[in-house]
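Here's a quick tour of a protein model, meant to be read with the picture open beside you. Find each spot as we go, and take your time.

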Amino acid sequence: MSDTLLAYLNGEYLPRAEARLPITDRGLLFGDSVYEVVPAYGGIPFRVSHHLERLDRSLNAIRMRNPLSHAQWRTVFERLTAQSPGQDQSIYLQVTRGAYPTRSHVIPNEVKSNVLAFISLKRPRDEASVQRGIRAITLDDIRWHRCDIKATALLANVLARAQARDEGADEAILIRDGAAMEGTASNLFIVNDSLLITPPDSDELLSGITRDLVLELARESSIPYAQASIALSDLETADEIWLTSSTREVAAVVELNGRPVGDGRPGALWHHMDALFQACKARLRAGGDCHVE
Ligand code: PDD
């Protein structure tokens, strides 16, 4: 289905299968590119300014400028999502440093970036599986030290996720110097004695847009929260563990390294936060403004 939708490539809209880049693109050769994943609920892109600001930060960190203005990006999002009006979608965008005749580690003086975007339709929420929760394992964080950059060089994340799958788990929580940082494609929260905790912003993790929303919803609902380092031992004894992302929303981890988290079912605070998050989506779909920017 998604294959029949138009993709965006360098100013043009064309069928996804026809959108091609040269084999010398630096995104392909060096992982020299950054990306975003923006959910669109009921076809309405969610928290666009947050995603575009993070894109600017990622580009800036890799010595690039955003080739499109925020207004131009919004037009791209509108055009792509309009193909499936009213549907939940996921917008993927990527900016690479471009293709050059010679393969060289040296960054070219004049950059002709390649810009692409396409959408996928989100599967409808499967209530039974959401309520069952997910399983996670812990693994050493072997990634680099600029995980705040949303770079496409994701081999360590891909291999960690593969290991999680091998062990019958859905996600791996990455441990650096004895502290839990985040999942391979998600941010981490724990609940300890009714306090919601997420690791603080740093170069070692991605500042998630969903994580920010969860913190905003917690503040509005007077749920006590803190940004604090989470030791592996805190993770292992947490009452609740959540993983958040634009794709997973707020997922409850019910099993860690084969042992139940809490009583092995999504916890009370997760139910509360999930309800807040779903209510926000429902308001958005109905044309309201719930943390949309
Ligand atoms: N990943 N941490 C990492 C390493 C991620 O890759 C992601 C998201 C997050 C959550 O960020 P956000 O809430 O802004 O989606 C945290 C996307 C979904 C992906 O790679 O597909």
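Let's start on the outside: S222 has a relative accessible area of 64%, so it counts as exposed. Keep in mind that this is a predicted model. From S222 we'll visit another serine, then the cores, then three helix pairs, and finish with two single residues.

**Two serines in loops**

- S222 sits in the loop that runs between helix 6 (209–220) and strand 12 (225–227).
- S222 isn't a glycine, yet its phi is positive, at about 55°.
- S194 also has a positive phi without being a glycine, and its value is about 65°.
- You'll find S194 in the loop between strand 10 (187–192) and strand 11 (195–198).
- Is S194 buried or exposed? Its relative accessibility is 52%, and the cut-off for exposed is over 50%, so S194 counts as exposed.

**The nonpolar cores**

- Here's a handy rule to keep in mind: in soluble globular proteins, nonpolar side chains tend to be buried together.
- In this model, the largest nonpolar core has 24 residues.
- Which residues have the most contacts inside that core? They are Y8, L55, W73, V76 and F77.
- Five elements give two or more residues to this core: strand 3 (33–41), helix 2 (48–61), helix 3 (70–81), strand 5 (89–96) and strand 6 (114–121).
- Another core lies apart from it, with 22 residues that include F189, L196, I223 and A252.
- Back to W73: if you skip its neighbours within four places in sequence, W73 is in contact with L52, L55, N66, L68, L93, V95 and V115.

**Helix 2 against helix 3**

- Helix 2 and helix 3 pack at an angle of about 125°, and their axes are 11 Å apart.
- Why call this pair oblique? Angles of 65 to 115 degrees count as roughly perpendicular and those over 145 as roughly antiparallel, so about 125° makes helix 2 and helix 3 oblique to each other.
- The crossing of helix 2 past helix 3 is right-handed.
- On the helix 2 side, the residues that meet helix 3 are V48, S49, L52, E53, L55 and D56, and their partners in helix 3 are H70, W73, R74 and F77.
- Sorted by class, the residues of this contact are five nonpolar, two polar and three charged.

**Helix 2 against helix 6**

- Helix 2 also packs with helix 6, at an angle of about 135° and with the axes 10 Å apart.
- Helix 2 and helix 6 are therefore oblique to each other.
- Helix 2 passes helix 6 in a right-handed crossing, too.
- Look for H50, H51 and R54 in helix 2, which meet I209, D212 and E216 in helix 6.
- This contact of helix 2 with helix 6 has one nonpolar, two polar and three charged residues.

**Helix 6 against helix 8**

- Helix 6 has a partner in helix 8 (residues 268–285) as well: the angle is about 105°, and the axes are 10 Å apart.
- That angle makes helix 6 roughly perpendicular to helix 8.
- Which residues meet here? T210, L213, V214, L217 and A218 come from helix 6, while M273, L276 and F277 come from helix 8.
- The contact of helix 6 with helix 8 has seven nonpolar residues, one polar and no charged.

**D212, a residue of helix 6**

- D212 belongs to helix 6.
- With a relative accessible area of 23%, D212 counts as partly exposed.
- How far apart are D212 and H50? In sequence they are 162 residues apart, and in space 9.4 Å, C-alpha to C-alpha.
- Leaving out residues up to four places away in sequence, D212 touches R47, H50 and S207.

**Q94, a residue of strand 5**

- Q94 is part of strand 5.
- Buried means under 20% relative accessible area, and Q94 has 13%, so Q94 is buried.
- Not counting neighbours within four places in sequence, Q94 is in contact with S33, V34, Y35, N114, V115, L116 and T152.
- Q94 and L80 are 14 residues apart in sequence and 14 Å apart in space, C-alpha to C-alpha.

Conventions. Residues numbered from 1 in each chain as written. Predicted model: local features only at pLDDT ≥ 70, side-chain atom pairs only at ≥ 80, totals over all residues. Heavy atoms only, no water. Core = buried A, V, L, I, M, F, W, Y, C linked by side-chain atoms within 4.5 Å. Buried < 20%, exposed > 50% of the residue type's maximum accessible area, 1.4 Å probe, protein only. Helix = DSSP H or I, 4+ residues; strand = E, 2+ residues; numbered from the N terminus. Contact = heavy atoms within 4.5 Å. Axes fitted to C-alpha atoms, helices over the stretch in contact; angles between N-to-C directions. Parallel < 35°, antiparallel > 145°, perpendicular 65-115°, else oblique. Left-handed = near helix turned anticlockwise from the far one by under 90°. Nonpolar A, V, L, I, M, F, W, Y, C, P; charged D, E, K, R; others polar.
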